[in-house]
Amino acid sequence: MSTSLHRKIVSRGELQQRVADWRRAGDRVTLANGCFDLLHVGHVRYLHAARELGGKLIVAVNADASVRALKGEGRPAMPAEERAEILASLADVDAVVVFSEKDVRAIIREIRPDFHAKGTDYTAESVPERDEVEACGGRVVIVGDPKNHSATEIIRSRSRLGLRKS
């Protein structure tokens, strides 16, 4: 992994320090999160739209066990370290952190983002962490294009075609 990618993938403690540095420099902070099991164009559009909110974009990636709890056995399709590395390679992303909880409430409390960006499969009212975001002084923003791309559907299609993980 290149040094620049390695610098983007951070621990929770490193993330808190980086956010403090960014805030001292006058930057706003946007948090996006998800499994990102197989990166697809819907993810790229979601993250690009999140970045357009301004400031720094942090992507929180579900750890393998939390993906399995959310998506079922056989998931994730690739390990968290690889998903984080792929996300860190995107120009729109400033930092990536892997988290083990089922949702990002703890990270929201730790970094107090200005914006919590969620995809169009949510409404501002249906975001599970909305109360935590608002309690920390942030705002939930729905971004990206209509939800018509899905890692689950890509995996199902491969399965129907008889293709297996290699």
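**Notebook: His116, the sheet and some helices**

I started with His116, which I found in strand S4 (residues 115-118). Worth jotting down straight away: this is a predicted model.

Next I asked myself: is His116 buried or exposed? His116 comes out at 0% relative accessibility, so I put it down as buried. The cut-off for buried is under 20%.

Then I checked what the side chain of His116 has for polar company. One of its polar atoms sits 3.3 Å from the backbone oxygen of Leu31. I also pulled the list of residues that His116 touches, leaving out those up to four places away in sequence. Leu31 is on that list too, and so are Asn33, Val104, Ile108 and Val127. The rest of the list reads Glu129, Val133, Arg139, Val140 and Val141.

On to the sheet. I wanted to know in what order the strands form it. I got S3-S2-S1-S4-S5, 5 strands in an open sheet with parallel pairing. At the edges I have strand S3 (95-99) and strand S5 (139-142), each pairing on one side only. I noted an average twist of 25° from one strand to the next.

I zoomed in on S1 and strand S2 (residues 56-62), which run parallel and are joined by 6 bridges. While there, I saw that Gly34 stands opposite Val61 in S2.

What lies across S1, S2 and S3? That turned out to be helix H2 (residues 12-24), which runs at about 145° to S3.

Helix H5 (residues 80-88) was my next stop. I marked Ala80, Arg83, Ala84, Leu87 and Ala88 as buried there. I wondered why they end up on the same side of H5. They cover an arc of only 135° around the axis, which puts them on that one side. A reminder to myself: an α-helix has 3.6 residues a turn, so residues three or four places apart point the same way.

Last, I looked for aromatic pairs. How many does a search of the whole structure find? I got 1. The partners are Phe36 and Tyr46, stacked, with 6.4 Å centre to centre and 15° between the planes. Stacked needs planes under 30 degrees apart. I placed Phe36 in the loop between strand S1 (29-34) and helix H3 (41-51), and Tyr46 in helix H3. The two are 10 residues apart, and the pair links distant parts of the chain. I checked burial as well, and both Phe36 and Tyr46 are buried.

Conventions. Residues numbered from 1 in each chain as written. Predicted model: local features only at pLDDT ≥ 70, side-chain atom pairs only at ≥ 80, totals over all residues. Heavy atoms only, no water. Helix = DSSP H or I, 4+ residues; strand = E, 2+ residues; numbered from the N terminus. Buried < 20%, exposed > 50% of the residue type's maximum accessible area, 1.4 Å probe, protein only. Polar contact = N/O pair within 3.5 Å; in protein donor to acceptor, adjacent residues only side chain to side chain. Contact = heavy atoms within 4.5 Å. Phe/Tyr/Trp six-rings, centres within 6.5 Å; stacked < 30°, edge-to-face > 60°. Arc of directions from axis to C-beta. Pairing = 2+ DSSP bridges. Axes fitted to C-alpha atoms, helices over the stretch in contact; angles between N-to-C directions.
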